[in-house]
Amino acid sequence: WTHGDYEVSQLTALTLTSDAEQNQDIFALTAAYALGPGITVDGVVEWVDSETDAGALSNDYQGISFGLGTLISF
């Protein structure tokens, strides 16, 4: 799990403001499995929750991602 609190700049009607705030949480679950000598399969599932408070330009989103990889060593 990671968490971040950020102050971000917003471009509104050609005026740059820095009063926007973003909070972001990322939850990840990883696993690895040895298929045999020198061969490993790795996987990850992540869920992201992001909230941006910028007045009328507020933007909230959630997302999920998957990853799969292999390690082969000789």
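Author: Two rings of Phe, Tyr or Trp, with the six-membered ring taken for Trp, are paired if their centres lie within 6.5 Å. The model shown here is predicted.

Reader: With that in mind, how many aromatic pairs does a search of the whole structure find?

Author: The search, covering the whole structure, yields 2 aromatic pairs. One of them is formed by F27 and W47, whose rings are 5.8 Å apart centre to centre, with 25 degrees between the planes.

Reader: Why is that pair stacked?

Author: Planes under 30 degrees apart count as stacked, and the F27–W47 planes make an angle of 25 degrees, so this pair is stacked.

Reader: And where do F27 and W47 sit in the chain?

Author: F27 belongs to strand 2 and W47 to strand 3. The pair links distant parts of the chain, its two residues being 20 residues apart.

Reader: Which residues do ring pairs link into a cluster?

Author: The cluster consists of W1, F27 and W47.

Reader: Turning to accessibility: are F27 and W47 buried or exposed?

Author: Each is partly exposed: F27 has a relative accessible area of 37%, and W47 has one of 36%. The partly exposed class lies between 20% and 50%, which is why both values fall in it.

Reader: Which residues form the nonpolar patch on the surface?

Author: The patch is made up of W1, F27, L29, V45, W47, I64 and F66, which together have about 820 Å² of accessible area.

Reader: Which elements give two or more residues to it?

Author: Those elements are strand 2 (15-36), strand 3 (39-53) and strand 4 (59-72).

How values were computed
Residues numbered from 1 in each chain as written. Predicted model: local features only at pLDDT ≥ 70, side-chain atom pairs only at ≥ 80, totals over all residues. Heavy atoms only, no water. Patch = residues over 30% accessible without salt bridge, like charges linked within 9 Å, V, L, I, M, F, W, Y side chains within 5 Å. Areas by Shrake-Rupley, 256 points an atom, 1.4 Å probe, with all protein chains shown as cover. Salt bridge = Lys/Arg side-chain N within 4 Å of Asp/Glu carboxyl O. Helix = DSSP H or I, 4+ residues; strand = E, 2+ residues; numbered from the N terminus. Phe/Tyr/Trp six-rings, centres within 6.5 Å; stacked < 30°, edge-to-face > 60°. Buried < 20%, exposed > 50% of the residue type's maximum accessible area, 1.4 Å probe, protein only.
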